[in-house]
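Q: I should like to learn how to read the features of a protein model, one at a time. Where might such a reading begin?

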Amino acid sequence: MWVLGIETSCDETGIALYDTARGLRGNTLYSQAALHADYGGVVPELASRDHIRRVLPLTRETLRQADCALADIDAIAYTEGPGLAGALLVGASIGHGLGYALNVPALGIHHLEGHLLSPLMTEPAPDFPFIALLVSGGHSQLMHVPNIGVYELLGETLDDAAGEAFDKTAQLLGRGYPGGPAIAQCAERGDPGRVNLPRPMLSQLEKTGDLDFSFSGLKTAVLIQIKARPLNAQRRADIAAELQAAIVDVLVVKSLAALERTGLTQLVVAGGVGANRELRVRQTAAAKRRGAHVFYPAPELCTDNGAMIAFAAALRLQNTAHSTNRAPLAFGVQPRWELSTLQPVSA
Ligand code: KG4
Ligand code: ZN
């Protein structure tokens, strides 16, 4: 079964073809990072307009890569939410239009379910149940995942997401957007011990077992550091290194606490921040010391992409009696959509 995946929830147009027999066959991506760079963040209207320009050329390119004809496609998957309404509508309308024209179903996929299931695309894949740490630009959540479609929230951020802390600090340090890769690169020349930043919500874990996160205080702490002494290249690198260390410390300690609380030994890390090398190294080592194993998507599949959307749809189609009817003409998107409200499937 061939599934075409369309991701347009934010600032990346991602198109992919997943074949349930042979795996990922085509995967193309267009990043709008340069388009939004001058603004320090994503401008929704510019994002929607650019998705319109990219979706069809990328779809043609993906079909060519996979040596697949339009008529070979068995289902279309698109990101239904959460995300920017106008951007989501581009993928949803193209997805439904194609589904209707090809006489195949069009499935709306939850963006975070796409991230969360993406480590199952590569071998060795985790078995259910597992703990998932989802860390992206808009979300930081710890979840217990007993099955596809069942996502029980253990903790989440009370304010900024981990990716947002990277992005906002990068802006304060004059390092542009997106901030995660920029901070990680800058941190390579820095010494984390030379600056002191807090590890938010770690004391709460000790006192009450709280698995929530809070990252907004970090940017204020960085601002205080910047005002205390003028920035030069070394100090900028030291602040970047300490910020990365602070975020990684909190994520690692809370993920291990979630494993301990549930008695599970498998941790899945997904979302853009999951591409962070320091996080991967420290998380893997810490889990190993406790006899646990960590699973990550391939680094290029950590940030937004169409492959994870096609793959999540393929899993749903394989595991449920989903309608195989032609896509209906009416459709909607869900800019705000709680992952815990998804329909479970019987795996
Ligand atoms: O999952 P994603 O591509 O989009 C959302 O769904 O939000 O995540 C984007 C976030 C951005 O905040 C970006 O700065 C962060 O992931 N990110 C990273 C790295 N690569 C991307 N953060 C830390 N280290 C990285 N290497
Ligand atoms: Zn994402």
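A: One may begin with a single residue and its surroundings, bearing in mind that this model is predicted. Setting aside residues up to four places away in sequence, alanine 270 touches His115, Leu116, Ser118, Leu133, Leu134, Val135 and Pro297. Alanine 270 itself is found in strand S9, which spans residues 266–270.

Q: Is alanine 270 buried or exposed?

A: The class follows from the relative accessible area, and a residue under 20% is called buried. Alanine 270 has a value of 1%, so it is buried. Distance along the chain is a separate matter: alanine 270 and leucine 301 are 31 residues apart along the chain, yet their C-alpha atoms are separated by 8.9 Å.

Q: Which residues coordinate the zinc ion (ligand 2)?

A: A metal site is read from its donor atoms. Here the zinc ion (ligand 2) is coordinated by NE2 of His111, NE2 of His115 and OD of Asp304, at 2.0 to 2.1 Å. The spacing of these donor residues in sequence is H-x3-H-x188-D. Histidine 115 belongs to helix H4 (residues 111–117), whereas aspartate 304 lies in the loop between strand S10 (293–295) and helix H11 (306–319), so the pair ties together parts that are 189 residues apart in sequence. Histidine 115 counts as buried because its relative accessibility is 1%, and aspartate 304 counts as buried at 13%.

Q: Which residues come nearest to ligand 1?

A: For a ligand, one lists the residues around it and then looks for polar pairs. The residues around ligand 1 number 19, and Gly137, Asp167, Gly180, Gly272 and Asn276 come nearest. By class, this shell holds five nonpolar, 12 polar and two charged residues. An N or O atom in the side chain of aspartate 167 is 2.7 Å from an oxygen atom of ligand 1, and one in the side chain of asparagine 276 is 3.0 Å from a nitrogen atom of the ligand. Histidine 111, already met as a zinc donor, has a polar side-chain atom 3.1 Å from an oxygen atom of ligand 1. On its own, ligand 1 has 550 Å² of accessible area, of which the protein covers 87%. The elements that give two or more residues to the shell are H4, helix H5 (162–172) and helix H6 (179–187).

Q: Where are the cis peptide bonds that join a residue to proline 82 and to proline 129?

A: Most peptide bonds are trans. The bond from glycine 81 to proline 82 is cis, with omega near -10°; proline 82 lies in the loop between strand S4 (75–81) and helix H3 (85–102). Phenylalanine 128 and proline 129 are likewise joined by a cis peptide bond, with omega about 0°. Proline 129 is in the loop between H4 and strand S6 (130–135).

Q: What is the sign of phi in aspartate 67 and in asparagine 103?

A: Most residues other than glycine have a negative phi. Aspartate 67 has a positive value, near 55°, and asparagine 103 has a positive phi of about 65°. The loop that holds aspartate 67 runs between helix H2 (44–66) and S4, and asparagine 103 is found in the loop between H3 and strand S5 (106–110). Aspartate 67 counts as exposed because its relative accessibility is 71%, whereas asparagine 103, at 46%, counts as partly exposed.

Note on methods
Residues numbered from 1 in each chain as written. Chains lettered and ligands numbered in written order. Predicted model: local features only at pLDDT ≥ 70, side-chain atom pairs only at ≥ 80, totals over all residues. Heavy atoms only, no water. Donors = N, O, S within 2.8 Å, 3.2 Å for Na, K, Ca; no water. Helix = DSSP H or I, 4+ residues; strand = E, 2+ residues; numbered from the N terminus. Buried < 20%, exposed > 50% of the residue type's maximum accessible area, 1.4 Å probe, protein only. Near = heavy atom within 4 Å. Polar contact = N/O pair within 3.5 Å; in protein donor to acceptor, adjacent residues only side chain to side chain. Areas by Shrake-Rupley, 256 points an atom, 1.4 Å probe, with all protein chains shown as cover. Nonpolar A, V, L, I, M, F, W, Y, C, P; charged D, E, K, R; others polar. Contact = heavy atoms within 4.5 Å.
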